[in-house]
Each structure stands twice: as C-alpha cells, then as structure tokens.
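User: I should like a close look at one part of this structure. Please select a single helix and explain how it is placed and what it is joined to.

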Amino acid sequence: MRISRNNIVVIVGPLPCPATLSVVAHVLLVSDLPSLRDELRSMLVGPDLSIEEVSTAREAIARVTEGGVDLVICDLQVGSMGGMALTLELRHEESFGAAEPVSVLMLLDRRPDVFLARRSGAEGFLVKPLDPLRVRAAVRAVLRGESYEDESLRPATVRVDSHAQ
C-alpha cells in the first residue's frame, strides 16, 4: 500500500523477494548433458527469464560468485562434482560473503535421491522424467522464495489392517 504525505511516498507492507524485483529473472542451467540443457531451455524460454548454461559445477560456482544469478537449476549428476556438492559449496560461499545467496532447484534421477536434495539445502527438487508444467511451476515457486518438492513420483501410502483375516 502506498501512502502519500506532503509529496513523500511511503510504501507500507512486505518487500518483494530479490528475484521478483527485476522484471527478468536470471536462471543458470548446470548439466554436463547438452540434451538436458536444451530440454530445460525449451521448457523455460520466455520473456520473464534470462537463461545461461554451464556444463560443470566449477563453472557454476564461478558464475554465481560473479553475481546476478537468481536461480541455479542443477542436475544431480554433473561430472566429478554433482548437484549436492555444488549446492553445499554455494551455501559455503554464501556463508562467508564470497557469493550472493542464490536459490537452487535440483534435478533428481530417482525418488530416493530426495534425501540428498534436502540434505544439501536446495530450495526445491524435481524427479525425472521432466515435464514442462512441473518445471515451470517449480521455477516460479522457487523464484517467489518458496520451496518446491516434486510429488509426482511419491509412492502411495498403503495401510494394512492388522485385524483383517
């Protein structure tokens, strides 16, 4: 809400998260597979996102420390330094001010890898195979400052009646 007094504008209310302050969010895709980067780019391309690609986790760390990255989307398996190690290293760099805080969306190969994504401090995860609707929903959520947990391959809960004969 804006309140104007004597030509002074006062903005009352919560400030938007940094990723929403700019019109275009900058997304960094990290994968050693060109086909995966191409697939993600085709799902995300649009006027609201600027997309950059790197093929190694080391390149991603260097790019994030330069600044201006709003979201890192990384594959769990990236060469010799995977998505978990990348996320932990980014959190380490942030902890002593060597890099701006950046959100991470991790791409997982299987449902049991969810533990790794949570443990590393990633803001969100998606389990492959990917589909455009889930990818865009995850990106929007994480850029809003929310977490995103993919529910698509969650096993169904089966209750067994112990009194059944």
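Analyst: In this predicted model, glutamate 53 has a relative accessibility of 27% and therefore counts as partly exposed, since that class lies between the limits of 20% and 50%. Glutamate 53 leads directly to the helix chosen here, α2, because glutamate 53 lies in strand β4 and its partner, arginine 37, in helix α2. The two side chains form a salt bridge, with N and O 3.1 Å apart. The pair thus ties together parts that are 16 residues apart in sequence. Arginine 37 has a relative accessibility of 13% and counts as buried. A network of salt bridges links Arg37 and Glu53 with Arg41.

Helix α2 itself covers residues 34-44. Which of its residues are buried? They are Leu36, Arg37, Leu40, Met43 and Leu44. Seen down the axis of α2, these buried residues fall within an arc of 125°, so they line one face of the helix. A general property of helices helps to explain such a pattern: an α-helix has 3.6 residues a turn, so residues three or four places apart point the same way. The face of α2 turned away from the buried side carries Ser35 and Ser42, which are exposed.

What do the buried residues of α2 pack against? Their partners are the strands β3, β4, β5 and β6, together with helix α6. Several of these elements also contribute to the largest nonpolar core, which has 25 residues. Among the elements that each supply at least two residues of this core are β3 (25-30), β5 (71-75) and β6 (103-108). The largest share, four residues, comes from α3. A second, separate core has 22 residues, including Ile51, Leu71, Leu143 and Tyr148.

Helix α6, one of the packing partners of α2, has salt bridges of its own. Arginine 136 is paired with aspartate 48, the closest N and O atoms being 3.1 Å apart. Arginine 136 lies in α6 and aspartate 48 in the loop between α2 and β4, so this salt bridge links distant parts of the chain, 88 residues apart. Aspartate 48 is partly exposed, at a relative accessible area of 33%. Arginine 134 forms a salt bridge with aspartate 150, with 2.3 Å between the closest N and O atoms. Because arginine 134 lies in α6 and aspartate 150 in the segment after β8, that pair ties together parts that are 16 residues apart in sequence. Arginine 134 is buried at 13% relative accessibility, and aspartate 150 is buried with a relative accessible area of 1%.

Definitions and conventions:
Residues numbered from 1 in each chain as written. Predicted model: local features only at pLDDT ≥ 70, side-chain atom pairs only at ≥ 80, totals over all residues. Heavy atoms only, no water. Core = buried A, V, L, I, M, F, W, Y, C linked by side-chain atoms within 4.5 Å. Buried < 20%, exposed > 50% of the residue type's maximum accessible area, 1.4 Å probe, protein only. Arc of directions from axis to C-beta. Contact = heavy atoms within 4.5 Å. Salt bridge = Lys/Arg side-chain N within 4 Å of Asp/Glu carboxyl O.
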